[in-house]
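Welcome! Here is a short tour for someone meeting this structure for the first time. Please keep the 3D view open as you read.

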Amino acid sequence: MSLLAEQTWTPMTAEERAQFDRDGFLVIPAVLNQDEVATARTAILRSKEKAEREGGLGPTGALHQLSAVTNNPELAFLLDHPKAFKYIWSMLGWNVHVYHSHVDVHPQIHERQKDWWHWHQDGGRQNRELETDPRPRMSVKLAYWLSDVSETGRGNFTVLPGSHLTNWLPGPPSRGVPWPQPEGALQITANPGDLVVFDRRLWHARSDNYSSITRVGAFFGYTYRWVAGRDEVADLPNSAEWASFTPVQKQLLGGAGDGSGDHAWGHYPETTPLYGELKRQGLLDSSVPALIP
């Protein structure tokens with residue numbers, strides 16, 4: 001399902017942009033309504049049940065499943081949800097795709113874990129191979145909350161505000177060594193349907209879930225189409241669900257253009273669905289370089 005035909009898009013505000021540039025993240029309440037939360041949550045819990053039957057869960061019974069839409073086609077509406085997607089095209093422009101996505105289910109942990117160091121920036125090798133300081137943003141991620149994390153200790157998304165401009169954090173000498181949390185760490189609280197938008201450079205981690213509430217979330221990372229994707233989407237055009245996806249959703253899943261690197265470099269904006277939709281709605285703001293054709 002898509003809301004493209006039902007709502008007019010609006011860009012992020014100047015105040016939101018300033019806050020994002022300062023903190024590296026935004027918390028947006030009530031992006032999804034109850035029905036949308038139920039649709040997404042049901043699909044993800046179904047995947048968790050399937051993984052459990054097949055022995056695919058982690059040692060604590062948790063699910064971390066990559067390629068969100070490939071494994072859960074019902075989640076396609078989250079790709080370009082107008083209340084969330086505006087933060088992507090407002091910052092990254094129209095030549096984008098989803099390069100990395102995942103769904104997560106974390107049930108209650110009954111035994112307190114050691115204080116392992118889970119802090120990281122997204123992007124993998126980007127954080128080794130790009131030599132600038134700070135490194136470039138490259139991508140922005142949407143995190144949809146589908147469970148009640150309105151109190152801390154529920155597996156909350158934990159961030160270090162402003163750390164997106166810091167290339168390194170002082171951490172343990174090696175993995176597996178208990179290490180204290182960095183000073184200033186903040187557990188983000190949210191209700192079902194809330195959204196967190198964050199710069200991939202933001203240092204973040206997941207807190208352990210000691211509550212009786214199962215943590216459920218869906219995460220979509222967007223970058224430029226000239227950056228190779230991690231998600232397994234090559235066979236999606238052959239699926240029964242593909243015809244139900246909008247042109248913008250197909251672009252975000254790697255299905256735009258002729259498959260050439262030249263097209264992915266943005267040389268043909270008029271044949272790129274998101275460019276066409278933004279143009280149709282008069283949203284190609286020339287003051288934002290990424291929106292200029």
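A strand here is a DSSP run of type E with at least two residues, and strands are numbered from the N terminus. Keep in mind that this is a predicted model.

**A strand with two faces**

Let us begin with β2, which has a covered face and an uncovered one. L63 and Q65 make up the covered face of β2, while H64 and L66 belong to the uncovered face. The partner of β2 here is β3, joined to β2 in the antiparallel sense over four bridges. Within this pair, L66 stands opposite H102 in β3.

**The whole sheet**

How many strands form the open sheet, and in what order? There are six, arranged as β1-β7-β4-β9-β3-β2, and their pairing is antiparallel. At the edges lie β1 (25–28) and β2 (63–66), each of which pairs on one side only. From one strand to the next, the twist averages 15 degrees.

At the β1 edge, four bridges join β1 to β7 (residues 195–199), and these two strands run antiparallel. Look for L26, which stands opposite V197 in β7.

Helices pack on this sheet too. Helix α1 (residues 14–23) touches β1, β4 (139–145) and β7, and its direction makes about 130 degrees with that of β1. Helix α4 (residues 82–92) also packs on the sheet, touching β1, β3 (96–106), β4, β7 and β9 (215–224). The direction of α4 makes about 175 degrees with that of β4.

**Charged pairs**

Now turn to the side chains. The whole structure holds 13 salt bridges, including these:

| Salt bridge | N to O distance |
|---|---|
| R22 and D23 | 2.8 Å |
| E54 and K50 | 2.9 Å |
| E151 and R154 | 3.4 Å |

Is R22 buried or exposed? R22 counts as exposed because its relative accessibility is 54%, and the cut-off for exposed is over 50%. Its partner D23 is buried, with a relative accessible area of 14%, as buried means under 20%.

In the second pair, E54 counts as exposed at 56% relative accessibility, whereas K50 is partly exposed at 42%.

In the third pair, E151 is partly exposed, with a relative accessible area of 46%, and R154 counts as buried at 12% relative accessibility. Elsewhere, salt bridges that share partners join D21, R137, D199 and R201 into one network.

Key:
Residues numbered from 1 in each chain as written. Predicted model: local features only at pLDDT ≥ 70, side-chain atom pairs only at ≥ 80, totals over all residues. Heavy atoms only, no water. Pairing = 2+ DSSP bridges. Axes fitted to C-alpha atoms, helices over the stretch in contact; angles between N-to-C directions. Contact = heavy atoms within 4.5 Å. Buried < 20%, exposed > 50% of the residue type's maximum accessible area, 1.4 Å probe, protein only. Salt bridge = Lys/Arg side-chain N within 4 Å of Asp/Glu carboxyl O.
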